Amino acid sequence: MPHRSKRSALSAAAALTLGAGLAATALLCAAVGALEVETFELGFRQRAELRVAALRRGLDEAVELLTITNDLFKTFGQPSREQFRDFTLPLLRRHPFIQAFNYQRALSEAERPAYEAALAARLPGHRMRERAEGDRGALVPVRPRPLHIVVDYLEPYQGNEAALGLDLAPNGPLRGAIEQAVASGLVTASPLLRLAQERGGQQGFVLLMPLFRAGAPSATAQQRRAAWIGNTGAVIRSTDLVHKILLGAGLLDDAGLRLRVYTGDAPRPDNLVYGPPAEAAPAPSAPLARAALAAPAPADGGAAPPGPAAAPRRWPWPDGASVLTRSFNAAGKAWHVQVTALPRPLPAGHLGSLATLLGGLLLSALAAALVQSLTQRRRGVERLVEARTHDLQLSNEQLSQDVAARKATELALQHSEHRFRRLLALSSDWYWEQDAAFRFTHITDGFFDKGHLPRERFLGLTRWDNNAEMRAAGWGREHIARLEAHLPFNDLEYSLVGLDGVARWFSTSGEPVFDAAGAFQGYRGTGSEITARKLTEQHIQHIAHHDVLTGLPNRVLLQDRLGQAVAYANRSGHPLWVMLIDLDRFKFVNDSLGHKAGDLLLKTVAGRLQDSVRESDTVARLSGDEFVALLTEHPDEALTPQVTERIMRAVAQPVLLEGKEFFVTCSIGVAVHQADGAPAQHLIEHADIAMYCAKKLGRNNTQFYQPSMNEAALERLRIEGALRKALERDELVLYYQPQLDLDSGRIVGMEALLRWRHPELGMVQPERFIGLAEETGLIVPIGAWVLASACAQTQAWLAAGLGPLRVAVNLSARQFGVPGLPAAIAAVLAASGLAPACLELELTESLLMSDVALAVELLQQLKALGLTLSIDDFGTGYSSLSYLRSFPIDVLKIDRSFVSDIGADGDEAAIVVSIIALAHNLKLRVVAEGVESARQLDYLWRNGCDQMQGFHFSPPVPAAEFEQMLRDGKHLAPSTAFA
């Protein structure tokens, strides 16, 4: 059986002896330790309570001193500065924890100039000041406000100069304490704050007691606020207060206690008045600490009662620091005193329990050792017999293991050889060997079978004899050098053409062979055919640099080609054209026929673009329907605008999509690199800016980049950025242009027109930002604001008796397409209280004709709300008269372009008459826009126009001016209206 040493094992008798001794020792030590801890905690509680009582007496004394100072003002009314100094200086000497006494006078803004003049006369250079940011900012001149609370009397002046003339009204926390003091009529302490006279980071607080006008009633809080004329205050450094109170009571010399004093609703770090910042507090070990922390402050302001007596401990020594917290109320604030007993070295206060423990351990160990010695003698003989028997068994087992190990080794060698041969066959396609001159001496059949190569072409020759490219290429020369240095190589890749004319790729690895003497004998290695992997890598490389849909170069390859083209242009001195080509109305194809047709169109256009340029030029797809062409100029062929015309003609050819012919045009922006060595980082951006200008000019044209275009683009970006914040900053305003009835000459409505009052750009006209708002979608929230503001203003005028009125609001195409438009308008009417009949929505012809069926359905829903609907700028669009009859509209507005030519062009006047007749036949009201002369007004009236608006009567004006028109009853004089 195995030998097990038991020389150090403890016998059962010895273990029982030792256990009994240890149990008795532990019980006795625990009893002595519990007595020591209870003695320590009783002493700690007495020392802590002394400090709490001293601090409370000191705070009560400070409150009493401030009350005495306040009585000085009650007795003498307004004592002189000398009387104030003579009264307070003895108090300051007897109570050094008070830094200063002051008198804070309440001043109105009207009284401030006289006070500042008196202050400057008394102390040249002094003036009223305030903190820039609460109690942390710099002292700055006081700002106007209805009420100032200024420090008027201050003793001692030396060292407190910064506080004289300080306006306390802007200080929120201090102002709150003053209001609390006035409301209660009692002494109130301010929150902790940085004193104006302090230059360091020390904080303090101010005891405040209000002063009331002599003879004024002050029984209630309201009467006290009415009679309040100022405060007396005691400025106290928080650290000095506690330090000097404890020093005066002789309680600062106890190194075993840590004291922290807090003020406020709870002992938080930001309420710390005295003591080091609290770290992670040690877990109290005694019930005393837990009871003290849980004890709430008494309602009457007294100290919290002592916690319950400590329960007997199960362990003789405390596992953490004891903490005692007491709370009381003074000066209108809650004060929290936290006393912590610092950890003591273990021997201190525990000598009795330690002596008991050590003595018990020693006696128990001696008794156990004696019993163990007796037991060991009896068991010695038994161990000796067991050891001899165990040695014999080990010898027999070792002999059997040696025989089995030899057989296992022989079998493992056989298996290893077999695995090596199989691994060699599976890890590669063939095996090869070379002699010291690097000539092949052996190649297995796999190489010739997979490569379709003849055996005689390789045996007896080197690798580079069959691949002449190796001696010329860098990778081949590096491989030959590695062989000559007799170094191993891995994954050498090369290609060979087989007897079938197909090029295949191979990968080979090899290592040098040396004999027992270290002489070089040649190389041996393995190889594999990797043609499929190389083709896959080439395909992945192509996908990474070409667009999947069109097969054109993508952004990555475009940047590489652009760099090469710029380098060529700089070397040759010939210019480079970068053309950005964007398809017009491509979204229409996607929306009408689907993305499949859109993809077919993109592939067709890509082919046409490639056919329109030279093979040396690059055409790439940038994104979506945007393409980029890089054209370099050659000495025999200059770049001319005919190139862009050729591209535009090729793109404009009809395309057959789903059996229908489509005609797609393009807009081209061209940026020219003049080959002057200038950086070309922004060529594509410049071409994009030029293309955008081509779009703005009506599409289907070419624009060459000019620096002024960049300025326009930057201006557009600046306007867009500012417009996004215009609503938040309340920069948008509404102007109102009156609409007058031509029969009565009176104002019957108005059109709400948007204006933008920018703080830097001034009054921005609508034509500068309305189009941009439409493009970016900002017109939706802006339009919603216009509608809500116009309805609210109209309802306000109607409520003031200035009606009847109807307000006309323009509705943009973006707003017209927003889901839930009727519900949104109904919500605005409900919120403003405006009757639906008082709201007129103006829509353009082009908006209605984009989707007639949808427009009719939506107009019917709006009409069901009770609104008035009008077509704005009628005559400038392409609306059909049959569609016009289908729309549930009420008003036609004649565009100003027709009205302005009345009298100058007979055709324009005839058009106006026709529109009026058409509208009246359809039972529609007619409003003429842009009426600027009496002659135009007379012509419109004589031909039956119902209403007008224009500069002849009034331009668009702010709401206040329009309201004044209504109040003044401004109207067209009969002689003007009916001339």
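This section describes the overall organisation, the nonpolar cores and the two largest pockets of a predicted model.

The protein chain comprises 979 residues, of which 44% are buried. Its secondary structure consists of 30 helices and 34 strands. Among contacts with a sequence separation of 6 or more, 65% are formed by residues 24 or more positions apart. The accessible surface of the chain amounts to about 49,800 Å², and carbon and sulfur atoms account for 57% of this area.

In soluble globular proteins, nonpolar side chains tend to be buried together. In the present model, the largest nonpolar core contains 78 residues. Within this core, the members that touch the most other members are Trp756, Phe816, Ile825, Leu839, Leu841, Leu940 and Phe962. Helix H20 makes the greatest contribution to the core, supplying seven residues. When residues up to four places away in sequence are set aside, Leu940 is in contact with Leu742, Val899, Ile902, Val912, Ala928, Val931 and Cys945. A second core, separate from the first, is made up of 48 residues, including Leu59, Val187, Ile236 and Leu259.

The largest pocket has a volume of about 930 Å³ and a lining of 37 residues. Those nearest the centre of this pocket are Glu751, Leu753, Ile770, Asn810 and Asp872. Two or more lining residues are contributed by each of strands E26 (747-758), E28 (806-810), E29 (839-844) and E30 (868-874), and likewise by each of helices H19 (766-776), H20 (779-799), H21 (813-816) and H23 (845-849). Helix H20 thus takes part in the lining of the largest pocket and also gives the most residues to the largest nonpolar core. In terms of residue class, the lining of the largest pocket comprises 15 nonpolar, twelve polar and ten charged residues.

The second largest pocket encloses about 590 Å³ of space and is lined by 13 residues. Arg585, Lys587, Lys695, Arg699 and Glu775 lie nearest its centre. The elements providing two or more residues to this lining are helices H14 (586-593), H17 (683-696) and H19. Of the contributing elements, H14 gives the most, with four residues. Helix H19 also supplies two or more residues to the lining of the largest pocket. The lining of the second largest pocket contains ten charged and three nonpolar residues, with no polar residues present.

Note on methods. Residues numbered from 1 in each chain as written. Predicted model: local features only at pLDDT ≥ 70, side-chain atom pairs only at ≥ 80, totals over all residues. Heavy atoms only, no water. 1 Å grid on protein atoms, 1.4 Å probe; cavity = no way out; pocket = protein on both sides within 12 Å on 5 of 7 lines; lining within 4 Å. Points joined across faces, edges and corners; volume = space filled by probe spheres on them. Nonpolar A, V, L, I, M, F, W, Y, C, P; charged D, E, K, R; others polar. Core = buried A, V, L, I, M, F, W, Y, C linked by side-chain atoms within 4.5 Å. Buried < 20%, exposed > 50% of the residue type's maximum accessible area, 1.4 Å probe, protein only. Contact = heavy atoms within 4.5 Å. Areas by Shrake-Rupley, 256 points an atom, 1.4 Å probe, with all protein chains shown as cover.
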